[in-house]
Amino acid sequence: MTSSVRVEVTARRIRHVTGGAALLEQKNTLSAVAAKMPPDLPSLPLRLVMLLPLLLLSQTEARSFVVDRQHDRFLLNGVPFRYVSGSIHYFRVPPVLWADRLLKMRLSGLNAVQFYVPWNYHEPEPGVYNFNGSRDLVAFLNEAARANLLVILRPGPYICAEWEMFISAFLAAVDSWFNVLLPKIYPFLYHNGGNIISIQVENEYGSYKACDFKYMRHLAGLFRALLGDKILLFTTDGPQGLKCGSLQGLYTTIDFGPADNVTKIFSLLRNYEPHGPLVNSEYYTGWLDYWGQNHSTRSSVDIAQGLAKILKLGASVNMYMFHGGTNFGYWNGADEKGRFLPITTSYDYDAPISEAGDLTPKFFALRNVISKFQEIPLGPLPPPSPRMKLGPLTMNLTLSNLVAPFSSQDGNLLSFLDFLCPHGPIRSVLPLTFEAVKQDHGFMLYRTYLTFTVFEPTPFWVPNNGVHDRAYVMVDGVFKGVLERNLKQELYLTGKVGAKLDILLENMGRLSFGSNHSDFKGLLEPPLLGQTLLTEWIMFPLKIDKLIRWWFPLQLMKRAQPQVVSVPAFYSTTFSVLGKLGDTFLYLSGWTKGQVWINGFNLGRYWTKRGPQQTLYVPRHLLLNRSINKVTLLELENVPREPQIQFLDKPILNSTLHWGYTYFLSETQSSYEPMELSGH
């Protein structure tokens, strides 16, 4: 092997180790040095040892990612560079699957990934930070590096992303948060030897009504103070947001989808960034789903053709989303487009890599386009993940030894209040919001007692659309119906003096885009019965997940199921998997709406009666092989005659709407107007 060949091999190997950059200048330097080496020098290992100090030194000196305005391009280590990136959200993917999803993204031809850092995921309470487990940002950055992917980071502070959101005392909190976050990512900046090539400041800020350049300058100064001057900072906005979203000193990029005129949109960008590379930071491969609307899909042909147009112009691009993932637990966000629109548990997004990690036809269509513009990694694609089916399984009302064995309310949520609210309730003349009692997510029970007898059905209502977001109403433990934000404004109740009125309030996810006012949850106004204002409230912030995790190992007692079930109620069953574990999809046919846990893990919300999503994704790592697995669900409204569940080997994400007895809509599905696309 000649010196030049050995140097080429060595350079290729080290390019792979150091992030995949096309370090041609390093190779040329090594070639020149190698040419001067004695021809009888021993084999490659010794030559590599002699060259390594020079290589590492030149790597440190040469690592850079900058804008070349003269030639309208990026330079990576001084070499012309264009990124083809895809979005993935580590907070929507179990950590055990990060490597799988990132490898598949790399094998599609992507050379970078783009992702948000959700503030409330890492700082659930002021000054309390969590970077462990599914929140281990450093581990995800390292996993991206192992997949040979550069990183475009979007730390916010606002991210949208259809993610559950609540922040108060904003600017001071931003400063505190970034003083924790940014030092963590500093070692991962590209010029420091890491894989982060650029960082977005804010997120589509031009869509916000304030147009506050002072705020943007404050953020830019904060990033520079904590990260230095070498890292490329940029902004992202839609065409209408460029005026207020761009800022001198930050590189301006734009976002648009396949239906837009590429040349026209990029010409708008040139009004704000006359020179430098063209960048589409969010090229939409699909779209999100709302409960009560059809599953969103986008044509693979259209997406691929649009990508080809972008790449032909020499532009860099990030595809949103390349892998969507799942809104596990309570983490879905919501939009407001004339009414409140909560987002489904699935964040499949009709992306090239499906929610369950499958390579879709869209993946191969985009891979084919990318291959015409840059090299696609060699090697076989991973095989599909194993799948499994199971059931049907019968669910039973759950009676734990926590509750008296002869209780008349087996499984009913009200029977567990002492355990769901272990620190006791909060009392107030007027109802308090979730935020006022520091209940971030999930459910809170409001209780009062009637001070007068109501003989005739009388309207029960909350003024000013004050139910945020769904209220499950009970009188003396008997379920009476639902009030729903924007849709169902009143119920008719009767009751004797002293009757117990319970209202279980569900937070369906906070608004993540739009006017961005604070989306407080709970009863925002005191309810009225007729014209009488109801006061003297007892509030139970419910810690359901803690109870489920603690309750899960207990042996549950079962007995004959009652003919009439009082909801909301807990149901559970156990099962074993004797064969090979596989990914699966929990199908809750006949059930109405609720929350479901597997082995104590909160899979998320189901809303079978409204759709479109009918199944919940269950990664196989959540299941136990040859051991007892437990499913627990909280049904909020109506239990099917045969309370059964099934595990399927394929998802059902698009179904016909079914409206149950508790639903009232001011509009039918056929009257839904086309949705204006929100930002991300």
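This report describes the fold, one disulfide, one helix and several salt bridges of a predicted model.

The chain holds 14 helices and 34 strands, and 58% of its 680 residues count as buried. Among contacts between residues at least 6 apart in sequence, 78% join residues at least 24 apart. The chain exposes about 27600 Å², of which carbon and sulfur atoms supply 56%.

A search of the whole structure finds one disulfide, formed by Cys211 and Cys244 with their sulfur atoms 1.9 Å apart. Since Cys211 lies in the loop between strand 7 (196–200) and helix 8 (213–227), while Cys244 belongs to helix 9 (residues 242–245), the bond ties together parts that are 33 residues apart in sequence. The torsion about the S-S bond is about -90 degrees, and the disulfide is therefore left-handed. Cys211 is partly exposed, with a relative accessible area of 25%, whereas Cys244 is buried at 13%.

Helix 6 (residues 137–146) has as its buried residues Leu137, Phe140, Leu141, Glu143 and Ala144. Viewed down the helix axis, these residues fall within an arc of 160 degrees, so they line one face of helix 6. In an α-helix there are 3.6 residues a turn, so residues three or four places apart point the same way. The cover over the buried residues of helix 6 includes strand 4 (84–88), helix 4 (98–107), strand 5 (112–116), strand 6 (150–154), helix 7 (170–185) and strand 7. Just after helix 6, Asn148 adopts a positive phi of about 65 degrees.

Side chains of opposite charge can pair when their charged atoms come close. The whole structure contains 22 salt bridges, including the three tabulated here.

| Salt bridge | Closest N to O distance |
|---|---|
| Arg154 and Glu282 | 2.9 Å |
| Asp358 and Arg387 | 2.7 Å |
| Arg447 and Asp502 | 2.6 Å |

Arg154 lies in strand 6 and Glu282 in strand 10 (residues 279–284), so their salt bridge ties together parts that are 128 residues apart in sequence. Both ends of this pair are buried, Arg154 at 1% relative accessibility and Glu282 at 0%.

Asp358, in the loop between strand 13 (340–342) and helix 12 (361–371), pairs with Arg387, in the loop between helix 12 and strand 14 (390–394). Here Asp358 is partly exposed, with a relative accessible area of 25%, and Arg387 is partly exposed at 26%.

Arg447 in strand 17 (residues 443–449) and Asp502 in strand 23 (residues 500–506) tie together parts that are 55 residues apart in sequence. Arg447 counts as buried at 10% relative accessibility, as does Asp502 at 0%. Elsewhere, salt bridges that share partners join Asp469, Arg485, Asp519 and Lys521 into one network.

Terms used:
Residues numbered from 1 in each chain as written. Predicted model: local features only at pLDDT ≥ 70, side-chain atom pairs only at ≥ 80, totals over all residues. Heavy atoms only, no water. Helix = DSSP H or I, 4+ residues; strand = E, 2+ residues; numbered from the N terminus. Buried < 20%, exposed > 50% of the residue type's maximum accessible area, 1.4 Å probe, protein only. Contact = heavy atoms within 4.5 Å. Areas by Shrake-Rupley, 256 points an atom, 1.4 Å probe, with all protein chains shown as cover. Disulfide = S-S within 2.5 Å. Arc of directions from axis to C-beta. Salt bridge = Lys/Arg side-chain N within 4 Å of Asp/Glu carboxyl O.
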